[in-house]
Amino acid sequence: MNPLKELWQEQQQAVWLDFIERDLLTGGGLALFVADDGVRGVTSNPSIFQKAIEGGGPYDEAVAGLLTADPEMTTLQLYEALAVEDIQHAADILHSVWEESQGGDGYVSLEVSPHLARDTAGTVAEAVRLWQTVDRPNLMIKVPATSECIPAIESLIGDGINVNATLMFSLADYEAVAQAYLRGLEATSNPAEVASVASFFVSRVDTKVDAALEAIGSPEALALRGRAAIANAKLAYRRFGELFGPEAFAPLSARGAMVQRPLWA
């Protein structure tokens, strides 16, 4: 059996692809990943799109067409037009996964502007606009877990908008995001129709901690390299079990709500 499919069927661990480009969509690559390899979601961010668009290919023709239609189009408008089209296409490819899993998987994530990371109202407004523009039920809006955006996550969940809460590095980050999701579920009229994941970063933690351990340089410090990130993730997962276990989550589960699954980034 394909090991990615085995991971899902035997461990219920869903693999989401952190990459998107137009050739992958139009050339059938993503459809094959879904059918043959068991990929169950896609995430994106502005950096991923930047690399894809700068690679040219189908984007050159698309940019030319957009500029012909509107020569005054700004760089930001060009980016959003290309990104929205790609996200819609990816969401359509994954729609069958979303249906089969009853909204558990099959999502495609589109990130709000990083420039809004310290702007609560601006994040909410852009997330709502992107949600309406893409117009796909299996879209997730990516929102960073800054202190200013925690209220935005709560507000968006309350409004029934799917959220991929991202850029979490600590147990405190996870706690804030999970509590925002729970408050949002309490506020929404139909919690069964909203979904969220909590993207908890792993490798970047070791990148920082290992550098500090190497600066210390003692045998004891060097022996700890490569261990902090997994330990950190285990703490977050333990807290996930406490917040979303059958007993704690029972009242919301009875209303049809789904747990906010951790996404290990």
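This section describes selected helices, loop residues and aromatic contacts in a predicted model.

Helix 4 spans residues 46–54. At its start, a side-chain oxygen of N45 reaches to within 2.9 Å of the backbone nitrogen of S47. The buried residues of helix 4 are I48, F49 and A52. Viewed down the helix axis, these buried residues fall within an arc of 95 degrees, so they line one face of helix 4. The face turned away from that buried side carries K51 and E54, both exposed. Cover for the buried residues of helix 4 includes helix 5 (58–69), helix 6 and strand 3. After helix 4 comes G56, with a positive phi near 75 degrees.

F49 also takes part in ring pairing. The structure holds 9 aromatic pairs. In one of them, the ring centres of F49 and Y79 are 5.9 Å apart and the planes stand at 80 degrees, so the pair is edge-to-face. F49 belongs to helix 4 and Y79 to helix 6, so the pair ties together parts that are 30 residues apart in sequence. The two partners can be set side by side in terms of accessibility. F49 has a relative accessible area of 0% and is buried. Y79, at 23%, counts as partly exposed, because the buried class ends under 20%.

Other aromatic residues form a wider group. Ring pairs link Y181, F200, Y237, F240, F244, F249 and W264 into a cluster. A contact of another kind involves W8. The charged end of R40 sits over the ring of W8, at 3.9 Å from the ring centre.

Helix 10 covers residues 203–216. At 1.5 Å a residue, its 14 residues should span 20 Å, and the C-alpha atoms at its ends are indeed 20 Å apart, which agrees. The buried residues of helix 10 are V205, D206, D210 and L213. Down the axis of helix 10, the buried residues occupy an arc of 115 degrees, so they line one face of the helix. T207, K208 and A215 are exposed on the other side of helix 10. Helix 11 (219–222) and helix 12 (228–244) are among the elements that cover the buried residues of helix 10. Just after helix 10, G217 takes a positive phi of about 80 degrees.

N138 is a buried loop residue. It lies between helix 7 (120–134) and strand 4 (139–144). Its relative accessibility is 0%, so N138 counts as buried. The side chain of N138 makes polar contacts with the backbone. A polar atom of this side chain lies 2.8 Å from the backbone oxygen of A91. The side chain of N138 also reaches the backbone oxygen of G106, at 2.9 Å. Leaving aside neighbours within four places in sequence, N138 is in contact with A91, L94, H95, W98, G106, Y107 and V108.

Two of these contact partners of N138, W98 and Y107, also meet each other. Their side chains make a polar contact at 3.3 Å. Y107 is placed in strand 3. With a relative accessible area of 3%, Y107 is buried. Between Y107 and G55, the separation is 52 residues in sequence and 25 Å in space, C-alpha to C-alpha.

Backbone torsions were examined next. Most residues other than glycine have a negative phi. Q12 and Q102 depart from this pattern. Phi of Q12 is positive, near 55 degrees, and the residue is not a glycine. Q12 sits in the loop between helix 1 (3–11) and strand 1 (15–17). Its relative accessible area of 47% makes Q12 partly exposed. Q102, likewise not a glycine, has a positive phi of about 55 degrees. Q102 lies in the loop between helix 6 (75–100) and strand 3 (107–111). At 72% relative accessibility, Q102 counts as exposed, since that class begins over 50%.

Terms used: Residues are numbered from 1 along each chain as its sequence is written. This is a predicted model: local features need pLDDT of at least 70, side-chain atom pairs count only at pLDDT 80 or more; totals for chains, interfaces and linings use all residues. Side-chain values use heavy atoms; hydrogens and water are left out. Helices (H or I, at least four residues) and strands (E, at least two) are DSSP runs, numbered from the N terminus. The expected span of a helix is 1.5 Å times one less than its number of residues. Buried means under 20% relative accessible area, exposed over 50%, partly exposed in between (1.4 Å probe, protein chains only). The arc is that of the directions from the helix axis to the C-beta atoms. Contact means heavy atoms within 4.5 Å. A polar contact is a pair of N or O atoms within 3.5 Å; within protein, one must be able to donate a hydrogen and the other to accept it, and residues adjacent in sequence count only if both atoms are side-chain atoms. Rings of Phe, Tyr and Trp (its six-membered ring) pair if their centres lie within 6.5 Å; planes under 30 degrees apart count as stacked, over 60 as edge-to-face and the rest as tilted. A charge sits over a ring if NZ of Lys or CZ of Arg is within 6 Å of the ring centre and within 35 degrees of the ring normal.
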